[in-house]
Protein chains: 2
Amino acid sequence: MFNMLDLSKVLSDTVLYPALLQKINQKTKPLGALGRVEEIALQIGLIQNTLSPVLHRPIIFVFAGDHGVTQAGISPYPQVVTQQMVLNFLQGGAAINVFAKQMGFELCVVDAGVNADFDESLWLNHEFIHELIHEKVAKGTQNFLDKPAMTDVQCKEALGRGADLVQQALAAGSNVFAFGEMGIGNTTSAAAIMHVLCNLPVSECAGRGAGLDDAGVQHKIAVIEQAVAHHQGRLNSAEAVLAHLGGFEIAMMVGAMLAAASARAVVLVDGFISSAAALVAAKMHADFLPYCIFSHCSNESGHRKLLAYLNAKPVLDLGLRLGEGTGAVLAYPIIQAAVNFLNEMASFESAHVSEKGA
Amino acid sequence: MFNMLDLSKVLSDTVLYPALLQKINQKTKPLGALGRVEEIALQIGLIQNTLSPVLHRPIIFVFAGDHGVTQAGISPYPQVVTQQMVLNFLQGGAAINVFAKQMGFELCVVDAGVNADFDESLWLNHEFIHELIHEKVAKGTQNFLDKPAMTDVQCKEALGRGADLVQQALAAGSNVFAFGEMGIGNTTSAAAIMHVLCNLPVSECAGRGAGLDDAGVQHKIAVIEQAVAHHQGRLNSAEAVLAHLGGFEIAMMVGAMLAAASARAVVLVDGFISSAAALVAAKMHADFLPYCIFSHCSNESGHRKLLAYLNAKPVLDLGLRLGEGTGAVLAYPIIQAAVNFLNEMASFESAHVSEKGA
């Protein structure tokens, strides 16, 4: 279904790369003095295939989905919080609302598979400033302890719906996409995916999530180990891992990320769940990662190891562990600054400034 | 001269502190899930003595000054670059121009002691978008290898002028101040100050600056050691260290920082030089540091150790080493986000979201 993808190895461009490097190095500053900001400018120039990249209509998709594995007691919060937080997003009261508004992002809240009917009755007594995007594949996944989280058909449907949403935003002019999520239980799903696809011990993948204590983490690890043992032998592709252990919000995000990259848009990855989606996308398409900017290193314990596995350098390291896309949106001004410096700063020549050793 | 200062120990407030903490913890997110952003919100609430802080008219002062110690060959750039970069600032071509514009900062370029006459002749063939603020104490410091960088009178004058500039901005409504600098040779001055005030080996304080090679760094270390040996016995107060080893831009920044803190404004510290100024300010007034937000950890090698000495947690770590206040301004959206989340996010109660274990 992703045969429309044509991801080129942008970071090995042999013509544009040296031209971008020269443009950066001629700016009125010591060589390399803007550090990571210079690297981001270079990356976005390569992604957009230009010496003068522009970021248009930044957009954040927050995919929400429920997880059958919550039945195994892997989260300190009840499943109903997923739907409550969706309503909070629609009312503008969550962290992602505050940050998206501040940073100039369009916020799209997507029901990828929440275990609730978002109908008129829920709408009572609320004032909504956003419309919910209805893309529910099912009312939550199955408990992957002993069943596949979703069917292959459901997985493909989620991937396709994510891609379609991005296509619509691309058509409306967006070329920079942030991806966030909400789903009680989804750090368990992300840790299981990471464990299998990175071949790392579960204990290095599973963390406290929304606030488990030590015993809770041990239980979460045991649940993941039991689940993976149960599905062993059927986890023979990234898509199969996604279907057996993932969530609808994660699968929809994978499809959305791949569609964005295939259009040479910038993919802003958020925290642990979002990075697990990027991991699946990278396993599905080898050329995917150069389109990603990993916005931050989360406080969720597996995230630093996942970033290291992906050879990703996060922009921020603020001890965030909220999800919703909050880290991606918080990092955006630095991404914008990278593009601005490339386009707006004077060169040594234009500003009549002497170079080193001159 | 700073008897107007009344810096209270804001971080030990016993009434406001728990009230702020409760407000933060009632937001619709897992406890502590916004990490450093929560800490910044708490700090600004304490600084402003309110549960609902507001940031007004952010302003960045870039203090420029020249250093006699450049005669000792401690920079790979010629001294004339200081005045060239000042003109670049006034024309809008430097990194700080790009970032200040993006982040909504008013930019004030101050001649604290540049070795140039900024008169009509220099103005030819340039189009300026900023006015230079003329506060020149002298045309550069003396070479501190064998003379005090400045006289006690000059040092007090620089401190007072910095404070006056902040007073004017406070009167115009600013309550958040970023501080940057430009001065060829000033990492040598800052490293010397750090060495004496932190009692750390020069080799842990002096780095590559704007791009020294290994031999250059060794020479810089030798110059600092020789200078400090020469002035030994007269470095008996923070102000004396500032006068003997500092620069006019650093001294003016110290005065400005102290004036900002004394008015309970937020002090955004930039990189290595700016942190050295904060170090001097902290040694002059024990209650100063709680007003500071250390915006980033620079790639200049001494900065990480200086931050550790000050027990400061930088917001960003992007490998910047440019100065000009660039790191402070780049970090600002996160500071603003901290205030916004505190003021705008819903609580569990207001959003009807279940709490942990509910």
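In chain A of this predicted model, helix α2 (residues 35-48) lies across the strands β5 (266-269) and β6, and runs at about 160° to β6(A). This helix offers a convenient way into the fold, since the strands beneath belong to a sheet that can be followed from edge to edge.

The sheet of chain A is open and has 6 strands, arranged in the order β3-β2-β1-β4-β5-β6 with parallel pairing. At its edges stand β3 (132-134) and β6 (292-294) of chain A; each has a single partner strand, so one side of each is left without a neighbour in the sheet. Neighbouring strands of this sheet are turned against each other by 30° on average, direction ignored. In general, the strands of a sheet pair through backbone hydrogen bonds, either parallel or antiparallel. Within the sheet of chain A, strand β1 (residues 59-65) and strand β2 (residues 106-113) pair in the parallel sense over 7 bridges. One position can be picked out here: A:F63 has A:V110 in β2(A) as its bridge partner.

Strand β2 of chain A also takes part in a link made by side chains. A salt bridge joins A:E106 and A:R57 (3.5 Å, N to O). A:E106 lies in strand β2 of chain A and A:R57 in the loop between α2 and β1 of chain A, so the pair ties together parts that are 49 residues apart in sequence. Over all chains, the structure holds 28 salt bridges.

Turning to chain B, an open sheet of 6 strands is found, with the order β3-β2-β1-β4-β5-β6 and parallel pairing. Here β3 (132-134) and β6 (292-294) of chain B are at the edges, each with a single partner strand, so one side of each is left without a neighbour in the sheet. From one strand to the next, the twist averages 30°. Strand β5 (residues 266-269) of chain B runs parallel to β6(B) and is joined to it by 3 bridges. Across this pairing, B:V269 stands opposite B:F294 in β6(B).

Two helices of chain B can be placed against its sheet. Helix α11 (residues 248-262) of chain B lies across β1 (59-65), β2 (106-113), β4 (176-182) and β5, running at about 175° to β4(B). Helix α14(B) packs on the sheet as well, where it touches β1, β4, β5 and β6 of chain B, and its direction makes about 135° with that of β5(B).

What, then, do the two chains share? Contact between them involves 54 residues of chain B and 54 residues of chain A. Together the chains bury about 4500 Å², 61% of it on carbon and sulfur atoms. Of the area that chain B buries against chain A, 13% comes from B:Y77, B:L318 and B:K356, more than from any other three residues.

Polar and charged groups also meet across the interface. The rule finds 20 residue pairs in polar contact between chain B and chain A, and the count of salt bridges between these chains is 2. A:E344 and B:K101 meet through their side chains in a salt bridge (3.5 Å, N to O). On the side of chain B that touches chain A, at least two residues each come from α2 (35-48), α3 (80-91), α4 (95-103), α14 (326-344) and α15 (348-351) of chain B. The most is given by α14(B), with 8 residues. Sorted by class, this side of chain B has 33 nonpolar, 14 polar and 7 charged residues. Helix α14(B) thus appears in two settings: it packs on the sheet of chain B, and it contributes to the side that touches chain A.

Conventions:
Residues numbered from 1 in each chain as written. Chains lettered and ligands numbered in written order. Predicted model: local features only at pLDDT ≥ 70, side-chain atom pairs only at ≥ 80, totals over all residues. Heavy atoms only, no water. Contact = heavy atoms within 4.5 Å. Buried area = accessible area lost by both parts, 1.4 Å probe. Salt bridge = Lys/Arg side-chain N within 4 Å of Asp/Glu carboxyl O. Polar contact = N/O pair within 3.5 Å; in protein donor to acceptor, adjacent residues only side chain to side chain. Helix = DSSP H or I, 4+ residues; strand = E, 2+ residues; numbered from the N terminus. Nonpolar A, V, L, I, M, F, W, Y, C, P; charged D, E, K, R; others polar. Pairing = 2+ DSSP bridges. Axes fitted to C-alpha atoms, helices over the stretch in contact; angles between N-to-C directions.
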